[in-house]
Amino acid sequence: MSSVEFGPNGSVVKDDSGGIDRIKQELAQREHAYPDGKPRPVETFAKFARIGLIIWSAEICLQTLMLAGYYFAPESLPGVFFNIGGNTALNVMTVSAWLLFLTAITTFVMVGRFTYRAQKNLFTVGSPIVKMAPGWTVGWYFIPIAAIWQPFLGMSQIYRGTYAAVGEAGKSTTLLAVWWGAWISLNVPDWIGRVWQDSLMMTYILQLADTALGVTAALALVRILGQVAERQALLLRGGVALVFD
């Protein structure tokens, strides 16, 4: 969009390309920045989110290993793999699934808190890269269809904006692509598995693929969170580059 002014004879006397966009960006910064103009720390959220992601990765690897026993050598497994205290509804796999679920929920909360605050920090320091409202960097995960790409755009703004804010503009986003590509591909093995339901070996191979994708996405996000947290810490000490002036 542009702002154009015309003279008396209809000639263009001023063409302020992007003027309206700049006004919109300024309004967004006023709305989403912290009122006192000071960024907030994100290290604690990043720390616990990274721990959660590592634990989650270990849990899905353990589940995949246990499935190998269920599929190919059930007779060699201890009784607790099938029931605990005679209750077949309670076994090691059930307990593992609940732990995995609780870890995932806790980790998502930490990632969400990190994402929200990191985006708000960038609005606070006047980054021209951030466009998405902090709340929507989390909210888009819950919106069908849009969840395929909008969360990636939000994290991309945080990643690129943070690097630019400390004078490292132009940072490669390959790590972001690896993270999101692996994450949205997690459903592919399940879709393929519906065609190979009669093949136990193929089912397990697809489980291995699913685990590999999950671990890849988790470890990539661990690095992303660490890199962003490290650089946003500079914002608290006034380490904002002059690239926004």
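**Figure 1. In this predicted model, K120 lies over the face of the Y34 ring, at 5.3 Å from the ring centre.** A second basic side chain in this view is that of R40, which is placed over the face of Y34 at 4.1 Å from the ring centre. The ring of Y34 is thus shown together with both K120 and R40.

**Figure 2. Helix 3 (residues 92-124) packs with helix 8 (residues 200-236) at an angle of about 40 degrees, and their axes are 11 Å apart.** The crossing that these two helices make is left-handed. On the side of helix 3, the residues that take part are V111, F114, A118, N121 and L122, and they meet L221, L225, V228, A229, Q232 and L235 of helix 8. Sorted by class, this contact between helix 3 and helix 8 comprises 9 nonpolar and 2 polar residues, with no charged residues.

**Figure 3. W136 and W140 form one of the 8 aromatic pairs that the structure holds.** The ring centres of W136 and W140 are 4.6 Å apart, and with 35 degrees between the planes the pair is classed as tilted. W136 has a relative accessibility of 42% and therefore counts as partly exposed, since that class covers values between 20% and 50%. W140, with a relative accessible area of 21%, is likewise partly exposed, because the buried class requires a value under 20%.

**Figure 4. F108, Y141, F142, W179 and W180 are linked into a cluster by ring pairs.** The view shows the side chains of these five residues, two of which, Y141 and F142, follow one another in the numbering.

**Figure 5. I145 is a residue other than glycine that has a positive phi value, near 70 degrees.** This residue is found in the loop that runs between helix 4 (134-139) and helix 5 (150-165). The relative accessibility of I145 is 62%, so the residue counts as exposed, a class that begins over 50%.

**Figure 6. The protein chain as a whole, given as context for the close-up views, has 8 helices and 2 strands.** Read from the N terminus, the order of elements is β-β-α-α-α-α-α-α-α-α, with the two strands placed ahead of the helices. Of the 245 residues in the protein chain, 40% are buried. When contacts between residues at least 6 apart in sequence are considered, 68% of them join residues that are at least 24 apart.

Technical notes. Residues are numbered from 1 along each chain as its sequence is written. This is a predicted model: local features need pLDDT of at least 70, side-chain atom pairs count only at pLDDT 80 or more; totals for chains, interfaces and linings use all residues. Side-chain values use heavy atoms; hydrogens and water are left out. Axes are lines fitted to C-alpha atoms, for helices over the stretch in contact, and angles run from 0 to 180 degrees between N-to-C directions. Helices (H or I, at least four residues) and strands (E, at least two) are DSSP runs, numbered from the N terminus. A crossing is left-handed if the near helix is turned anticlockwise from the far one by less than a right angle, and right-handed if clockwise. Contact means heavy atoms within 4.5 Å. Ala, Val, Leu, Ile, Met, Phe, Trp, Tyr, Cys and Pro count as nonpolar, Asp, Glu, Lys and Arg as charged, and the others, Gly among them, as polar. Rings of Phe, Tyr and Trp (its six-membered ring) pair if their centres lie within 6.5 Å; planes under 30 degrees apart count as stacked, over 60 as edge-to-face and the rest as tilted. Buried means under 20% relative accessible area, exposed over 50%, partly exposed in between (1.4 Å probe, protein chains only). A charge sits over a ring if NZ of Lys or CZ of Arg is within 6 Å of the ring centre and within 35 degrees of the ring normal.
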